[in-house]
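Hi,

Here is the structure I promised to pass on. Have a look at it first, and then read my notes underneath.

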Amino acid sequence: MTPAAPLTLGTAGHIDHGKTALVAALTGVDTDRLPEERARGISIALGYAPLTLPSGRRLSVVDVPGHERFVRTMVAGATGVDLFLMVVAADDGVMPQTREHAEVLRALGVSTGVVAVTKADLADPAPAAAAAADLLPGCEVVACSAATGAGTGDVAAALDRAAAGAASRAAAPGDVVLHVDRAFTVHGIGTVVTGTLWSGTLRPGDEIALLPGDRAVRVRGLQVHDEPVPEARAGQRVAVALAGVRARDIGRGDVLARPGTLGETSVLDCALALRDARHGERVQVHHGTRDVAGRLADLGDGLWQVRLEHPVAAARGDRLVVRRPAPPDTLGGGVVLDAHAHRHGRRPDVLERLRARRDGRPDPVAAPLPRAVPARPAAPADPAELARVTVRLREAGIGLLSEAQLGDDACHLAALRAQGAAVRVSGTLYAHAEVAAGVRERIVALLERDGSASLAEVRDALQTSRKPAQAFLEHLDAERVTRRLADDRRVLRARGRAGAT
């Protein structure tokens with residue numbers, strides 16, 4: 001008998017509605033593995049478990065946090081799932097995070113799933129079931145109690161039926177792509193990363209690339225739910241042992257890919273369904289397991305250009321989730337139509353090509369979609385002109401200069417960066433290299449002294465405004481000197497601590 005194609009199931013739902021308890025009742029695995037999670041009684045990090053359904057089919061389960069502070073973690077876990085288990089408590093009903101998680105799933109294109117109305121032993125499940133059916137029409141709704149076990153078998157049977165109708169990623173062609181959600185060291189094995197295999201097949205001995213940086217690494221071994229396997233297929237949760245890289249040099253959001261098949265990009269043309277979004281609005285963009293700040297450019301007719309402050313390893317057809325950072329809110333999401341666009345406005349020829357891609361029509365023969373090109377042609381490296389721009393950057397200090405502020409002098413930035421005199425801090429913001437190095441030393445010293453720091457504390461320590469402080473922190477995040485925690489505080493990575501000495 002041919003084994004069923006692999007699928008990954010993601011949980012969703014409001015905090016304290018019983019996601020983790022239901023997963024434990026279905027799988028026998030408590031996915032709250034951190035002491036803080038068990039002490040506080042809430043999920044903070046992603047949890048994982050295998051689920052064997054009544055038919056014998058096995059699913060990989062990703063259990064996500066339900067608290068509004070951890071929506072970023074939830075999106076990272078929902079990326080790559082094939083179907084969902086939405087959990088709604090009978091005594092609470094549909095709550096704010098129920099709705100936001102449903103919006104995230106819609107943005108990711110995950111439409112197959114089951115609604116479990118938990119705590120049916122504490123309250124009448126009918127009102128919650130009706131509200132959930134309105135929120136997620138077409139999904140089977142099952143009442144249950146993880147505490148008593150009543151109805152959990154019905155939930156498993158409903159998941160079996162949903163899985164039978166879900167499309168597996170393993171059936172689609174594609175090269176290896178795995179977005180990393182954890183990296184750690186195992187004694188006797190070395191560096192291990194975990195994630196959901198989006199596409200392709202991995203085998204021990206494969207030479208693959210680690211992005212960003214296009215670093216060459218080799219697969220030493222593979223496990224699926226703690227069991228060694230000779231190969232891993234798309235749709236499976238995979239632990240990959242890697243040679244050629246240290247765990248401390250890998251972070252959530254990094255990507256494993258077949259060499260030469262996936263490039264880094266910071267300008268994306270997309271078809272997005274967004275609620276109350278504005279042209280030029282600064283947003284947080286979630287792709288894979290990474291989230292990056294960027295700005296939206298409204299091209300009309302549901303087409304948007306997303307201009308990121310740091311590159312991502314994206315491809316045409318990938319899904320994005322777009323959130324507003326303050327106040328935190330999910331605006332929606334959609335699909336990447338061109339992963340390597342250049343900045344443009346509402347050019348009719350470009351828009352017609354994007355509409356054709358969105359609607360599944362052949363691309364127009366004429367007017368090929370323009371590719372990424374430098375915003376300005378590089379100017380000859382005249383020493384006097386370079387010196388003038390260097391002085392401008394030095395005089396700007398921590399305040400930074402944007403390409404727009406530099407005007408015609410911006411064409412010299414590439415040469416100055418090549419000489420090591422200028423640093424691109426974030427997006428179009430630049431600093432003199434000595435200024436950037438001094439800021440790095442001050443932030444590292446602050447974190448070594450206090451252990452962690454908020455944006456406001458860094459801003460005050462630098463005696464500057466919020467914008468440059470945030471730009472420098474994002475720069476150090478990208479350089480893997482600092483790491484942003486779920487509460488937006490920063491801590492030093494091990495490499496950042498060593499690099500400061």
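**E207 and what surrounds it**

I'll start with E207, which sits in strand β10, residues 207-211. One thing to keep in mind throughout is that this is a predicted model.

Is E207 buried, exposed or partly exposed? Its relative accessibility is 48%, so E207 goes down as partly exposed; the cut-off for exposed is over 50%. Leaving aside residues up to four places away in sequence, E207 touches V217, R218, R258 and P259. R220 is 13 residues from E207 along the chain, and the two C-alpha atoms are 9.6 Å apart.

**The chain as a whole**

Stepping back, the chain has 14 helices and 26 strands. Of its 501 residues, 52% are buried. If you take the contacts with a separation of 6 or more, 67% of them are between residues 24 or more positions apart.

**The open sheet**

Next, the open sheet: six strands in the order β2-β3-β1-β4-β5-β6, with mixed pairing. Why do β2 and β6 each have one side without a neighbour in the sheet? They stand at the edges and have a single partner strand each, so one side of β2 and one side of β6 (140-143) is left free of a neighbour there. On average, neighbouring strands of this sheet are turned by 25° against each other, ignoring direction. Helix α1 (residues 19-27) packs on the sheet and touches β1, β2, β3, β4 (83-89) and β5 (113-118). The direction of α1 makes about 40° with that of β2.

Within this sheet, β3 is worth a closer look. Five of the six residues of β3 (residues 58-63) are buried, so the strand is largely enclosed by the rest of the structure. Here is how β3 pairs:

- With β1 (residues 8-12), β3 pairs in the parallel sense over three bridges; L9 has V61 as its bridge partner in β3.
- With β2 (residues 47-52), β3 pairs in the antiparallel sense over six bridges; G47 has D63 as its bridge partner in β3.

The hairpin of β2 and β3 has five residues between the strands, and G56 takes a positive phi there, near 95°.

S60 is a good residue to click on in β3. With a relative accessible area of 5%, S60 counts as buried, because the cut-off for that is under 20%. Not counting residues up to four places away in sequence, S60 touches L7, T8, L9, A49, H225, Q236 and R237. So L9 turns up twice: as a contact of S60 and as the bridge partner of V61.

**The barrel**

There is also a barrel. Six strands close into it in the order β16-β19-β18-β17-β20-β21, with antiparallel pairing. From one strand to the next, the twist averages 45°. Taking one pair from the barrel, β18 (residues 290-300) and β19 (residues 303-312) run antiparallel and are joined by six bridges. In that pair, G300 stands opposite L303 of β19. Helix α4 (residues 96-107) lies across two other barrel strands, β20 (319-324) and β21 (329-338). The helix runs at about 5° to β21.

**Nonpolar cores**

Which residues have the most contacts inside the largest nonpolar core? They are L400, V425, V439, I443, V458 and F472, in a core of 25 residues. At least two core residues come from each of β23 (422-426), β24 (429-432), α11 (433-450), α12 (455-462) and α13 (466-478). Helix α11 gives the most, with eight residues. As for V439, it touches I398, L462 and F472, again not counting residues up to four places away in sequence.

Another core, of 24 residues, lies apart from that one. Among its members are L9, V87, A156 and A163, so L9, which already came up as V61's partner, is one to mark.

**Cavities**

Last, the cavities: the structure holds two of 30 Å³ or more. The largest has a volume of about 60 Å³. Its lining is made up of H179, L211, P212, G253, V255, E264, H287, R290, P311, V312 and A313.

Cheers

Note on methods:
Residues numbered from 1 in each chain as written. Predicted model: local features only at pLDDT ≥ 70, side-chain atom pairs only at ≥ 80, totals over all residues. Heavy atoms only, no water. Pairing = 2+ DSSP bridges. Helix = DSSP H or I, 4+ residues; strand = E, 2+ residues; numbered from the N terminus. Axes fitted to C-alpha atoms, helices over the stretch in contact; angles between N-to-C directions. Contact = heavy atoms within 4.5 Å. Core = buried A, V, L, I, M, F, W, Y, C linked by side-chain atoms within 4.5 Å. Buried < 20%, exposed > 50% of the residue type's maximum accessible area, 1.4 Å probe, protein only. 1 Å grid on protein atoms, 1.4 Å probe; cavity = no way out; pocket = protein on both sides within 12 Å on 5 of 7 lines; lining within 4 Å. Points joined across faces, edges and corners; volume = space filled by probe spheres on them.
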